[in-house]
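Let's take a walk through this protein together, one stop at a time. Have a look at the sequence and the structure first, and then read on.

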Amino acid sequence: MRMIQPEHAQREHPEPGETRKERVDRELGELLQGLRVAVTGVQVLFAFLFSLPFAAGFNKVDTLGHWLFFIALLSAAVASVCFITPAAQHRLLFRTGLKEKMLHRANALGIAGAAGLAVAMTSSVALVAETVLNAWPAAVFAGVVALLSAWLWFIQPIVDLYRTEDDEDVK
């Protein structure tokens with residue numbers, strides 16, 4: 001299976017008159033803009049999760065709830081690290097000639113961060129539903145979040161990628 005990397009699409013369809021350096025600069029800028037949106041969401045979730053154990057009533061959460069909380073917290077931390085890493089590396093590698101390498105790494109980190117965020121959101125929904133309702137509705141609601149994020153963030157783009165490859169093979 002081919003990893004979805006920005007260079008595949010752009011090699012085939014570069015902007016008119018765009019040099020390789022300009023393409024890498026543009027792609028990195030676009031990627032960092034997308035990560036800014038994701039990092040805001042994960043930071044809000046992470047902050048909520050950090051405050052939860054100190055809230056009144058958290059001691060009423062059962063063992064399953066504690067595990068869901070820990071999974072949500074850990075996956076939100078992983079997502080935060082993945083989303084923030086490209087900006088930190090961009091500062092450290094500024095003007096080193098490694099921008100394209102950084103772009104490929106940032107793309108992979110963005111995908112890993114999205115997976116971490118999907119797990120964090122799914123387990124957070126399960127935690128709240130399990131606390132407010134009970135275990136079986138928690139499983140249903142968490143399943144909906146997991147399936148929706150899996151389809152929209154991962155499966156649908158991969159299907160599009162393979163359909164595009166099939167279309168190009170026919171031409």
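**A pair one turn apart**

Glutamate 30 and arginine 26 sit 4 residues apart in helix 2, so about one helical turn separates them. Their side chains meet in a salt bridge, at 3.2 Å from N to O. With a relative accessibility of 47%, glutamate 30 counts as partly exposed. Keep in mind as you look that this is a predicted model.

Now zoom out for a moment. The protein chain has 5 helices and 0 strands, and reading along the sequence gives you the pattern α-α-α-α-α. Of its 171 residues, 36% count as buried. Take the contacts between residues at least 6 apart in sequence: 73% of them join residues at least 24 apart. On the outside, the chain exposes about 10,600 Å², and carbon and sulfur atoms supply 69% of that area.

Back to the charged residues. How many salt bridges does a search of the whole structure find? The search turns up 3, and you have already met the one between glutamate 30 and arginine 26. Next, find arginine 23, which forms a salt bridge with glutamate 27; their closest N and O atoms are 3.0 Å apart. Both residues lie in helix 2, 4 residues apart, which is about one turn of the helix.

Is arginine 23 buried or exposed? Its relative accessible area is 6%, so arginine 23 is buried. Glutamate 27 is buried too, because its relative accessible area is 4%. Arginine 23 also forms a salt bridge with glutamate 100, and here the closest N and O atoms are 3.6 Å apart. This pair links distant parts of the chain: glutamate 100 belongs to helix 4 and arginine 23 to helix 2, with their positions 77 residues apart. Put together, Arg23, Glu27 and Glu100 are linked in a network of salt bridges.

From charges, let's move to the nonpolar interior. The largest nonpolar core has 29 residues, and those with the most contacts inside it are Val42, Leu49, Phe69, Ala76, Phe83, Leu117 and Leu127. Which elements give two or more residues to this core? They are helix 2 (20-51), helix 3 (63-92) and helix 4. Helix 2 gives the most, with 11 residues. To get a feel for the packing, pick leucine 49. Leaving aside its neighbours within four places in sequence, leucine 49 is in contact with Phe69, Ala72, Leu73, Ala76 and Ser124. Two of those partners, Phe69 and Ala76, are themselves among the core residues with the most contacts.

Now follow helix 4, where threonine 122 is found. Threonine 122 is buried, because its relative accessible area is 16%. So what does its side chain reach? The side chain of threonine 122 reaches the backbone oxygen of alanine 118, at 2.7 Å. If you again leave aside neighbours within four places in sequence, threonine 122 is in contact with Ala142, Val145 and Ala146.

Another threonine in helix 4 is worth a stop: threonine 131. This one counts as partly exposed, because its relative accessibility is 44%. A polar atom of the threonine 131 side chain lies 2.8 Å from the backbone oxygen of leucine 127, and Leu127 is one of the core residues with the most contacts. Threonine 131 also has a partner from elsewhere in the sequence: valine 61 is 70 residues away along the chain, yet the two are 6.4 Å apart in space, C-alpha to C-alpha.

Last stop, the surface. Look for a nonpolar patch of about 850 Å², made by Phe48, Val125, Val128, Val132, Leu133, Trp136, Val140, Phe141 and Val144. Helix 4 (99-132) and helix 5 (135-170) are the elements that give two or more residues to the patch. Helix 5 gives the most, with 4 residues. One patch member to click on is phenylalanine 141, whose place is in helix 5. Phenylalanine 141 has a relative accessible area of 42%, so it is partly exposed. That clears the cut-off for joining a patch, because patches are made of residues with over 30% relative accessible area.

Notes
Residues are numbered from 1 along each chain as its sequence is written. This is a predicted model: local features need pLDDT of at least 70, side-chain atom pairs count only at pLDDT 80 or more; totals for chains, interfaces and linings use all residues. Side-chain values use heavy atoms; hydrogens and water are left out. Patches are made of residues with over 30% relative accessible area and no salt bridge: like charges are joined within 9 Å, nonpolar side chains (Val, Leu, Ile, Met, Phe, Trp, Tyr) within 5 Å. Accessible areas come from the Shrake-Rupley method with a 1.4 Å probe; for residues, only the protein chains shown count as cover. A salt bridge is a side-chain nitrogen of Lys or Arg within 4 Å of a carboxyl oxygen of Asp or Glu. Buried means under 20% relative accessible area, exposed over 50%, partly exposed in between (1.4 Å probe, protein chains only). A nonpolar core is a set of buried Ala, Val, Leu, Ile, Met, Phe, Trp, Tyr and Cys residues joined through side-chain atoms within 4.5 Å. Contact means heavy atoms within 4.5 Å. A polar contact is a pair of N or O atoms within 3.5 Å; within protein, one must be able to donate a hydrogen and the other to accept it, and residues adjacent in sequence count only if both atoms are side-chain atoms.
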